Amino acid sequence: MKILQVFSLISTLLATSEVPDLNIPNQIHLHSQDLHISNQIHSLRPLSGSCSHDIPGLSCSSWRLAVETNNIIGWTTVPEECENYVGNYMLGQHYRNDSKVVADVALAHAKSMNLTGDGKDIWVFDVDETTLSNVPYYASNGFGTTPYNSTLFNEWVKEGKAPALPESLKLYKNLLSLGIKVVFLTGRREHTRNSTATNLKEAGYHTWEKLILKNSTYYSEVEYKSNERKQLEENGYRIIGNMGDQWSDLLGTNAGIRTFKLPDPMYYVS
Ligand SMILES: [Mg+2]
């Protein structure tokens, strides 16, 4: 019952909340004199923590940055004291804003490419926390503070109720309109093919060139995904972009012309 209530709330949030457009070039080109940083340095201190150790969420913020930059690796659970921080991040506007910046940069890259129109330009998307969001599941399971439970997670996958990450769905539609085909490359296992395909379609991803799921012969996510991307390229496809929430989606060989990392402070996949 609890998971249904949380799911309903999150689905509503994902469906209705709008992320304001960020004018990225202007943000990037702001000069320090425009910000009057020298005059603001003292007022900035409480926000950066140099004056106080009592700022809620600060250490979790640093932990999240280290996770996103792949400095902290191999972790199994979110620190317990960061459950509220990660929950607020994932359910609030911050996660959506961060995702929008990634999607906007990815689309700008796609538009900058000289596409051949021969049907061989593809975009590789991961599934979990990239195209589909498991936030309803993780909201009911401590936002990653409890160890991964494959039985529970597979039950959730089988339901096929994961909503789309709206920024990725918008990117997906824009890529299709540019003539780029989409390949979903996921660590989900082959036995979840039907529920994953149904879930993708119901979430708005109506078409794809390939949906590649994992069998049991690979040692690691990096090896598995590198090998699958290699096969795609050997079959004549050009990987215009490659997007995932885990570094293991993006590292290794045949990574694509550019890679794009979406945020995910809830779990780590090696
Ligand atoms: Mg993923």
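Q: When is a residue buried, and how many of β4's seven residues are buried?
A: A residue counts as buried if 20 or more other C-beta atoms, placed from the backbone, lie within 10 Å of its own. Strands here are DSSP runs of E with at least two residues, and helices are H or I runs of at least four, both numbered from the N terminus. This is a predicted model, where local features need pLDDT of at least 70, side-chain atom pairs count only at pLDDT 80 or more, and totals for chains, interfaces and linings use all residues. Residue numbers start from 1 along each chain as its sequence is written. β4 is mostly covered, its buried residues numbering six.

Q: Which residue of β4 stands opposite Asp121?
A: Let's look at the pairing, which requires DSSP to find at least two bridges between two strands. β1 and β4 run parallel, joined by five bridges. Opposite Asp121 stands Arg238.

Q: Which residue of β5 stands opposite Asn242?
A: β5 covers residues 258-261 and pairs with β4 in the parallel sense, over four bridges. Facing Asn242 in β5 is Thr259.

Q: Which element gives the most to the largest nonpolar core?
A: Such a core is a set of buried Ala, Val, Leu, Ile, Met, Phe, Trp, Tyr and Cys residues joined through C-beta atoms within 7 Å. The largest has 30 residues, with Ile122 and Trp123 among those having the most contacts inside it. At least two residues come from each of several elements, including α7 (93-112), β2 (181-189) and β4 (238-244). The top contributor, with four residues, is β1.

How values were computed. Buried ≥ 20, exposed ≤ 12 C-beta atoms within 10 Å, placed from the backbone.
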